[in-house]
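Hi,

Here is the structure I promised to pass on. Have a look at it first, and then read on for what I found in it.

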Amino acid sequence: MGHDHIRYDILAQDALRGVIRKVLSEVSATGRLPGDHHFFITFLTGAPGVRISQHLKSKYAEQMTIVIQHQFWDLKVTDSLFEVGLSFSDTPEKLVIPFNAIRGFYDPSVNFELEFDVPQVEGEEESAEITAYPVDATAKVEDEGEAPKAEEKKEGSVVSLDAFRKKQ
């Protein structure tokens with residue numbers, strides 16, 4: 001097999017990040033999510049361009065998952081990143097997340113998931129376990145059954161989506 005000088009893998013990931021950019025841009029323009037759509041976005045907290053508070057950075061040193069659903073504000077989207085206001089334990093926070101820092105995007109209302117190969121920031125090791133707020137959405141959900149509803153969870157609870165996988 002020949003060497004891929006075009007780098008189709010990078011082009012495909014950039015195109016799929018464009019899906020996230022487009023969806024977030026539409027939500028930003030209307031100020032609301034359509035229908036039952038909501039998003040779990042997992043990103044590397046130490047990636048270049050990520051801006052989060054020191055409190056969040058110390059709590060989620062490698063990566064975290066945010067939920068954009070009922071309580072978000074000031075969503076702004078550019079070609080390279082998005083900004084969003086979210087509340088963590090009743091503390092408002094502004095997050096700036098470059099699209100290149102995103103490892104995963106999941107919309108449980110339609111069971112749509114994207115995963116990206118994002119290298120860990122130099123000096124950080126890959127963790128076998130992923131801690132996320134409020135839901136660990138990095139697990140693949142393959143079941144066509146009903147997805148978990150974030151509004152039914154207590155604020156700050158961590159839930160593994162492995163419980164929703166098909167049993168083998």
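Let me start with a small puzzle: which residue of strand 7 does Asp107 stand opposite? The partner is Phe112. Before going further, please keep in mind that this is a predicted model.

**The overall picture**

The protein chain has two helices and seven strands. Read from the N terminus, the elements follow the order α-β-α-β-β-β-β-β-β. The chain has 168 residues, and 40% of them count as buried. Among contacts with a separation of 6 or more, 58% are between residues 24 or more positions apart. The accessible surface of the protein chain is about 10100 Å², and carbon and sulfur atoms hold 51% of that.

**The four-stranded sheet**

Back to the pair from the opening. Asp107 and Phe112 face each other where strand 6 and strand 7 pair in the antiparallel sense, over four bridges. These two strands belong to an open sheet of four strands with the order 2-1-6-7 and antiparallel pairing. Strand 2 and strand 7 are at its edges with a single partner strand each, so one side of each has no neighbour in the sheet. From one strand to the next, the twist averages 10 degrees.

Asn111 sits in the loop between strand 6 and strand 7 (112–115). This residue is not a glycine, yet its phi is positive, near 55 degrees. Asn111 counts as partly exposed, at 27% relative accessibility. Arg7, in the segment before helix 1, is another residue other than glycine with a positive phi, in this case near 65 degrees. Arg7 is also partly exposed, with a relative accessible area of 39%.

On the edge strand 2 you will find Gln63. Is Gln63 buried or exposed? It counts as buried, because its relative accessibility is 10%, and the cut-off for buried is under 20%. The side chain of Gln63 makes a polar contact of 3.0 Å with the side chain of Arg103.

**Thr45 and its surroundings**

Gln63 also turns up among the contacts of Thr45, a residue in the loop between strand 1 and helix 2 (54–59). Thr45 counts as buried, at 3% relative accessibility. What does Thr45 touch, leaving aside its neighbours within four places in sequence? The contacts are Val50, Ile52, Lys57, Tyr60, Ala61, Glu62, Gln63 and Met64. With Tyr60 there is a polar link as well: the side chain of Thr45 reaches the backbone oxygen of that residue at 2.7 Å. Thr45 and Ser58 are 13 residues apart along the chain, and their C-alpha atoms are separated by 9.6 Å.

**The three-stranded sheet**

The other sheet to look at is an open one of three strands, with the order 3-4-5 and antiparallel pairing. Its edge strands are strand 3 (72–77) and strand 5 (91–98), each of which pairs on one side only. Neighbouring strands here are turned by 15 degrees against each other on average, direction ignored.

Strand 3 and strand 4 form a hairpin with three residues between them. The two pair in the antiparallel sense over four bridges, strand 4 being residues 81–88. Two of the residue pairs are easy to pick out: Trp73 has Gly85 as its bridge partner in strand 4, and Val77 has Phe82.

Helix 1 (residues 8–30) packs on this sheet and touches strand 3 and strand 4. The direction of helix 1 makes about 125 degrees with that of strand 3.

**The nonpolar core**

Phe82 leads on to the core. The largest nonpolar core has 31 residues, and Ile66, Ile68 and Phe82 are those with the most contacts inside it. Which elements give two or more residues to this core? They are helix 1, strand 1 (39–44), strand 2 (63–68), strand 3, strand 4, strand 5 and strand 6 (102–107).

Ile68 is a good place to zoom in. Not counting residues up to four places away in sequence, Ile68 touches Leu24, Leu33, His38, Phe39, Ile41, Phe82 and Val84.

Enjoy looking through it!

Best wishes

Definitions and conventions: Residues numbered from 1 in each chain as written. Predicted model: local features only at pLDDT ≥ 70, side-chain atom pairs only at ≥ 80, totals over all residues. Heavy atoms only, no water. Pairing = 2+ DSSP bridges. Axes fitted to C-alpha atoms, helices over the stretch in contact; angles between N-to-C directions. Contact = heavy atoms within 4.5 Å. Core = buried A, V, L, I, M, F, W, Y, C linked by side-chain atoms within 4.5 Å. Buried < 20%, exposed > 50% of the residue type's maximum accessible area, 1.4 Å probe, protein only. Areas by Shrake-Rupley, 256 points an atom, 1.4 Å probe, with all protein chains shown as cover. Polar contact = N/O pair within 3.5 Å; in protein donor to acceptor, adjacent residues only side chain to side chain.
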